[in-house]
Amino acid sequence: MFATQPSAGSGRAKGGSPVAHRERHVVDRIGWLRAAVLGANDGIVSTASLIIGVAAASAQGSGAGTSAIVVAGTAGLVAGAMSMAAGEYVSVSAQADTEKAEISTERQELADDPAGELAELAGIYKTRGVDDQTALLVATQLTARDALGAHARDELDISSGARARPVQAAFASAASFTVGAAMPLLATFLAPVGFLIMTVSMSSLAFLAILGGLGARTGNASIWRGTMRVTFWGAFAMAATAGIGRVVGTAI
């Protein structure tokens with residue numbers, strides 16, 4: 001007979017003792033990843049669209065020069081970053097408040113009816129395919145160790161790694177928006193006067209493609225799909241804004 005060697009992911013060390021789980025899952029970073037990608041994408045699209053819209057209106061005789069376009073882009077960067085931070089903080093705070101209220105309710109239910117909560121937890125495991133005896137045994141052991149944590153995770157679907165973090169989300173959104181918005185703004189400084197719209201458009205689409213690929217790569221998703229999705233909608237937004245700018249510039 002050949003001896004069977006334990007695999008790297010078997011979770012057992014010599015002597016049969018358990019070892020730490022070494023796999024890393026993207027769900028652990030999905031909160032800040034969502035905020036960072038959303039912020040950077042919004043920064044590029046909104047600022048580039050603003051710059052292109054003002055530049056398109058200027059081309060139709062509104063009188064806005066390069067300095068006015070830069071001022072508009074800078075104002076858009078600052079206002080957008082503050083708006084992203086405030087909006088993300090408020091929305092994630094509301095989520096955090098809901099989580100706290102649910103956990104507080106569950107804590108009170110555990111104190112008032114521990115037997116009923118134990119049966120409820122065992123019932124959850126039964127619905128997942130565990131037999132009655134094992135479900136009750138697992139529920140009993142988890143309740144003895146951390147009853148509130150078990151109910152938060154398995155009944156309320158609230159895990160410690162995915163808890164709402166308002167301040168972290170706000171800073172991530174504001175910082176990523178600023179970085180994203182700075183890219184088309186920098187292109188405005190470097191672009192020749194007669195090619196400002198083309199330069200900002202092409203460079204912003206390139207930035208969006210890179211962002212989409214990086215976001216997909218970080219989240220272990222399809223890089224091609226992420227790149228095309230972000231680039232398409234960015235191009236659509238900039239084209240729409242340029243068209244509106246031309247119409248307004250002609251009317252003024």
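These legends walk through several close-up views of a predicted model.

**Figure 1. The whole protein chain is built from helices and has zero strands.** Welcome to the overview. Seven helices make up the elements of the protein chain, and from the N terminus on they run α-α-α-α-α-α-α. The chain has 252 residues, and buried residues account for 35% of them. Its accessible surface comes to about 15,100 Å², with 65% of that belonging to carbon and sulfur atoms. Many contacts link parts of the chain that lie far along the sequence: among contacts between residues at least 6 apart, 73% join residues at least 24 apart.

**Figure 2. The largest nonpolar core has 26 residues.** Look here for Ile51, Ile69, Leu196, Val200, Leu208 and Met238, the members that touch the most other members of this core. Helix H1 (30-62), H2, helix H5 (166-190), helix H6 (196-218) and helix H7 (223-251) each supply at least two of its residues. The largest share, eight residues, comes from H1. A second, separate core has seven residues, including Leu121, Tyr125, Ala135 and Ala139.

**Figure 3. Valine 200 and threonine 188 are in contact with each other.** Setting aside neighbours within four places in sequence, valine 200 is in contact with Ala48, Ile51, Ile52, Pro184, Ala187 and Thr188. Now turn to threonine 188, which is found in helix H5. Is threonine 188 buried or exposed? Its relative accessible area is 1%, so threonine 188 is buried. Not counting residues up to four places away in sequence, threonine 188 touches Ile51, Ile69, Val70, Leu196 and Val200. Among these partners, Ile51, Ile69, Leu196 and Val200 also belong to the group of core residues that touch the most other members.

**Figure 4. Valine 45 sits in helix H1 and has contacts that include Ala237.** Valine 45 has a relative accessibility of 14%, and because buried means under 20%, valine 45 counts as buried. Which residues does valine 45 contact, leaving aside its neighbours within four places in sequence? They are Leu208, Gly234 and Ala237. Along the chain, valine 45 and alanine 237 are 192 residues apart, yet their C-alpha atoms are separated by 7.0 Å. Leu208 is a familiar name from the largest nonpolar core, where it is one of the residues touching the most other members.

**Figure 5. Helices H2 and H3 meet with their axes crossing at roughly 115 degrees.** Helix H2 covers residues 66-112 and helix H3 covers residues 114-127, and their axes come within 5 Å. From H2, the contact is made by Glu106, Glu109, Leu110, Ala111 and Asp112. From H3, the partners are Pro114, Glu117 and Glu120. What kinds of residues form this contact? Three are nonpolar, none is polar and five are charged.

**Figure 6. Threonine 143 lies in helix H4 and touches Leu118 and Leu121.** Helix H4 covers residues 132-154. With 27% relative accessibility, threonine 143 counts as partly exposed. Its two listed contacts, Leu118 and Leu121, leave out residues up to four places away in sequence. Leu121 is also one of the residues of the second, separate core. Threonine 143 and proline 114 are 29 residues apart in sequence, and their C-alpha atoms are 9.3 Å apart in space.

**Figure 7. Serine 58 of helix H1 is partly exposed.** The relative accessible area of serine 58 is 21%. A useful landmark is alanine 68, ten residues away along the chain, with a C-alpha separation of 9.6 Å from serine 58.

**Figure 8. Three spans are listed in the UniProt record as "transmembrane region".** The unreviewed entry gives residues 169-189, 195-218 and 230-249 under this name. In the model, residues 169-189 are 100% helix and 0% strand. The end C-alpha atoms of that span lie 31 Å apart.

Conventions:
Residues numbered from 1 in each chain as written. Predicted model: local features only at pLDDT ≥ 70, side-chain atom pairs only at ≥ 80, totals over all residues. Heavy atoms only, no water. Axes fitted to C-alpha atoms, helices over the stretch in contact; angles between N-to-C directions. Helix = DSSP H or I, 4+ residues; strand = E, 2+ residues; numbered from the N terminus. Contact = heavy atoms within 4.5 Å. Nonpolar A, V, L, I, M, F, W, Y, C, P; charged D, E, K, R; others polar. Core = buried A, V, L, I, M, F, W, Y, C linked by side-chain atoms within 4.5 Å. Buried < 20%, exposed > 50% of the residue type's maximum accessible area, 1.4 Å probe, protein only. UniProt positions renumbered as here; feature names shortened; annotations may be inferred. Areas by Shrake-Rupley, 256 points an atom, 1.4 Å probe, with all protein chains shown as cover.
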